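Q: Please give me a close look at the strand pairing here. Start with how the chains meet, then go on from there.

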Amino acid sequence: MNSYYIKIEGKRIYRFIENLIRFKINFQKIKEGSNYCVLEVTMEDFERIKKLHTSYQITVVKRKGLPYFIYLWKKKKLFLGVCLFCFFLLTFLSHLIFDIKVIHTDKDLRDTIYADLKEFGLEKYHFKINYQKKEEIRNKILEKEKDIIEWLEIEEVGTTYQIKVIPRVQKEEEEELAPRSVVAKKSGMILSIEASTGEVVVQRNQYVEKGQELITGIIKNKEEVKALVPATGKVYAEVWYDVKMSLPLKYREESKTGEQKQVLELHFLNKDYSFFDFSPYATSKNTEKVLWKHPLLPFKITYTKKEEVEVEETRYDEGDLLEKVEPLALSKLQEQLGEDIEILERKVLKKSTNLGRIELELFFKVKEDITAYQDIDLQSIPNQEEEES
Amino acid sequence: MSSFILHKSILGDVSMRLWNPIEDYIEDREFHFDVFDDRIHVVNYLEILSVGDEKIIILGPHQKIYLYGSSFSLSKLFDQELLIDGKLLKVEVTYE
């Protein structure tokens with residue numbers, strides 16, 4: 001109920017009550033004293049009481065319902081205004097899309113999906129979409145990109161959309177291979193040979209030179225060429241390597257995790273304060289776009305692109321040097337030779353410290369795939385029919 | 001068909017008997033006043049003709065009520081309802 005509690009003060013209160021009866025003003029008595037009384041009256045009746053020309057002192061002691069909210073609004077206008085503004089701003093911001101991520105390693109596929117999403121109405125800094133619209137976009141993309149996409153899912157995570165894609169794997173037609181031989185890619189000692197077609201011409205533990213034929217595609221019977229086949233197989237050999245490394249004793253490495261976001265920041269002196277950044281990165285690489293800057297005071301507001309960075313600090317000591325350096329040397333070898341290698345033996349040939357750096361020379365015995373293919377020069381094979389005639 | 005009419009009439013009668021007291025409670029239209037130890041509750045009056053510490057005159061639809069007592073004061077004054085605090089000693093009713 002919308003009402004006022006008013007306190008009437010003055011001599012002979014009953015006179016005032018008589019006036020209320022005369023003007024048919026409704027009231028309910030709450031409290032009464034010798035020179036005062038507290039009445040509850042409705043909003044309309046309070047307006048009528050205010051118009052009465054009386055010598056009694058009338059003060060409002062309490063408000064109920066609408067008068068209370070009107071009074072509160074008048075008194076706390078700024079605070080309530082800011083609260084309301086923040087509420088509407090938060091509601092507005094929580095209905096915006098701040099990021100769209102297509103989760104796949106293939107950049108071309110990601111770009112295609114981004115373009116399709118934009119075409120069908122799912123864009124950054126636009127309003128979020130409902131379930132029906134989401135399904136509609138998903139189906140449209142699946143229909144449009146049916147040759148390259150097998151499955152697609154649009155997932156809403158907070159104010160971002162994550163798109164999970166599974167590409168369609170197309171089986172490449174096998175090319176018809178020309179007659180060829182398997183040759184050694186580099187010099188080494190043969191450890192194993194797996195031949196699926198062709199004839200093996202070397203033995204295990206045999207030392208071979210670079211370019212030497214290992215599995216031939218020329219199938220012979222007593223010096224007579226019976227068939228020419230594309231030799232296929234895998235030959236593993238023991239190869240020796242010297243790896244020279246020069247490393248700083250103290251090493252700091254920063255690597256991007258791939259996570260990034262845009263944040264509104266306030267900079268004051270050396271302090272940075274972020275707005276709406278509820279999960280700040282521990283370390284990040286920042287690219288600032290200045291929105292406002294005070295010409296004299298050290299105060300500015302920026303829109304900052306934050307890229308999450310992982311920092312790794314390494315210190316090489318004499319004791320655990322080999323343990324730390326070996327993986328580095330191995331990765332260096334794997335960079336050159338590929339993942340399919342196996343370290344058979346390792347040895348430190350030379351070690352020295354110079355001007356805060358460690359110079360190392362390491363020897364590795366590696367089991368490595370030395371398979372390479374070489375086409376058979378058909379002109380070099382004598383024509384059997386011609387020879388017979 | 002006849003059983004349906006019978007049921008309908010019985011239900012109608014029962015519902016009316018239940019409804020009338022509820023309606024009376026919700027929407028009281030009759031003039032009456034209730035006397036308690038320390039207060040008098042008047043409902044559906046037309047006008048208050050006079051208010052004093054020891055005498056109050058109230059106009060009803062067809063009658064005037066004279067209330068005599070001590071320490072009278074109005075506790076609640078609404079269009080249809082009146083609550084008077086005080087001790088009632090005598091009541092006079094005059095029909096016009």
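A: Two strands count as paired if DSSP finds at least two bridges between them. Strands (E, at least two residues) and helices (H or I, at least four) are themselves DSSP runs, numbered from the N terminus. This is a predicted model, where local features need pLDDT of at least 70 and side-chain atom pairs count only at pLDDT 80 or more, while totals for chains, interfaces and linings use all residues. Residues are numbered from 1 along each chain as its sequence is written, with chains lettered from A and ligands numbered from 1 in the order in which they are written.

So much for the ground rules; now the place where the chains meet. Strand S2 (residues 27-32) of chain A and S5(B) run antiparallel and are joined by two bridges. A:Phe27 sits opposite B:Leu77 in S5(B).

Zoom out a little, and eight residues of chain B are in contact with eight residues of chain A (C-beta atoms, placed from the backbone, within 7 Å). On chain B's side, strand S3 (47-51) and strand S5 (63-77) are the elements that give two or more residues. S5(B) brings the largest share, four residues. By class, chain B puts five nonpolar, one polar and two charged residues there (nonpolar is Ala, Val, Leu, Ile, Met, Phe, Trp, Tyr, Cys and Pro; charged is Asp, Glu, Lys and Arg; the others, Gly among them, are polar).

Now for pairing inside chain A, which has eight helices and 22 strands. An open sheet of five strands lines up as S11-S9-S15-S21-S20, with antiparallel pairing. Strand S11 (207-208) and strand S20 (341-354) of chain A are at the edges with a single partner strand each, so one side of each has no neighbour in the sheet. Further in, strand S15 (residues 232-248) and strand S21 (residues 357-369) of chain A pair antiparallel over 13 bridges. There, A:Val239 is opposite A:Val366 in S21(A).

This sheet has a helix on it, too: helix H7 (residues 321-337) of chain A packs there and touches S15, S20 and S21 of chain A. The direction of H7(A) makes about 130 degrees with that of S15(A) (axes are lines fitted to C-alpha atoms, for helices over the stretch in contact, and angles run from 0 to 180 degrees between N-to-C directions).

For chain A as a whole, 63% of the contacts with a separation of 6 or more come from residues 24 or more positions apart.

Notes. Contact = placed C-beta atoms within 7 Å.
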